[in-house]
Amino acid sequence: MALTFLPYAKIVKKPSLKPYNANPQTLGEHIKKRRIETNLLQKEVAAIIGVSEDSVTYWENGRAIPQVQHYPRLITFLGYYPFIHETKSIAGKLKQVRNCLGLSYEQCGEVFSVHASTIRAWELKHHCPPAVTHLLITALWDSLPEFVTI
C-alpha cells in the first residue's frame, strides 16, 4: 500500500492584540502601546532595544522595569520622553540628561567628577551643583534631541 503525501503549508497568524492602556502611566505601558501601534512583536522590539524577549514581556506586564542603560534606545523607540517630571530646574534637567544618556548615578558622577550620592542629592534638590557644573548640565540638556525636551 502506497502512502500519498499532500502538500501542506502551515499558516501562522499573529496572536490577536490585547487592548492596551490609551493613557500609559508606566514605562512598560508606554512600550506596549507603541509596540501595538507599530504592529511589532515583542521579539522585534527586543531586537530593536537589544534585550531579550522576556525582558520586554516583563516590562509590559509590570513584573520588571528597564535598567537605565536601556533608556536611550527605549526613548528612541517610543519617539518621545516617557517620564513625567519637571525640567525647568537644574535638578529636572540633570535627571532628563541622565535618563536620555542611559547613565547610572555612578556613571553620571564620573562625568561630573563627583560621587553618585551627590548626583542623587542634586536630582532631589537637596543640594545645588556648582556654577560650572550647572552650565555643563544646561549645555548637555540643550544638546538633547528636540523631541525629548518638549
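**Entry 1. L124**

I began with L124, which is in the loop between α7 and α8 (131-142). I note at the outset that the model is predicted. I looked up the accessibility of L124: its relative accessible area is 41%, so the residue is partly exposed. I then took the separation of L124 from W59, which is 65 residues in sequence and 26 Å in space, C-alpha to C-alpha.

**Entry 2. W59 and the cores**

Which residues does W59 contact, if I leave aside its neighbours within four places in sequence? I found G28, I31, I49, V51, A64, I65, P66, H70 and L74. I next looked up the largest nonpolar core and recorded 20 residues. W59 is listed with I31, V56 and L74 as having the most contacts inside this core. At least two core residues come from each of the helices α1 (27-37), α2 (42-49), α3 (53-60), α4 (71-78) and α5 (90-101). The helix that gives the most is α4, with five residues. I also recorded another core, apart from this one, of eight residues, including I90, L103, C108 and I119.

**Entry 3. Aromatic pairs**

I counted three aromatic pairs in the structure. Y81 and F83 make an edge-to-face pair, with 5.2 Å centre to centre and 65 degrees between the planes. Is Y81 buried or exposed? I entered Y81 as buried, because its relative accessibility is 12% and the limit for buried is under 20%. F83, at 21% relative accessibility, counts as partly exposed.

I then turned to F112 and W122. Their ring centres are 6.3 Å apart and their planes stand at 70 degrees, so I recorded this pair as edge-to-face. F112 belongs to helix α6 (residues 105-112) and W122 to helix α7 (residues 116-123), so the pair ties together parts 10 residues apart in sequence. I checked the accessibility of each partner: F112 counts as buried at 10%, and W122 is buried at 5%.

I also noted that ring pairs link Y71, Y81 and F83 into a cluster.

**Entry 4. Charges over rings**

Which ring does the charged end of K93 sit over? I found the ring of W141, with the charged end 4.5 Å from its centre. I made a second entry for R98, which lies over the face of Y105 at 3.9 Å from the ring centre.

Definitions and conventions: Residues are numbered from 1 along each chain as its sequence is written. This is a predicted model: local features need pLDDT of at least 70, side-chain atom pairs count only at pLDDT 80 or more; totals for chains, interfaces and linings use all residues. Side-chain values use heavy atoms; hydrogens and water are left out. Rings of Phe, Tyr and Trp (its six-membered ring) pair if their centres lie within 6.5 Å; planes under 30 degrees apart count as stacked, over 60 as edge-to-face and the rest as tilted. Buried means under 20% relative accessible area, exposed over 50%, partly exposed in between (1.4 Å probe, protein chains only). Helices (H or I, at least four residues) and strands (E, at least two) are DSSP runs, numbered from the N terminus. A charge sits over a ring if NZ of Lys or CZ of Arg is within 6 Å of the ring centre and within 35 degrees of the ring normal. A nonpolar core is a set of buried Ala, Val, Leu, Ile, Met, Phe, Trp, Tyr and Cys residues joined through side-chain atoms within 4.5 Å. Contact means heavy atoms within 4.5 Å.
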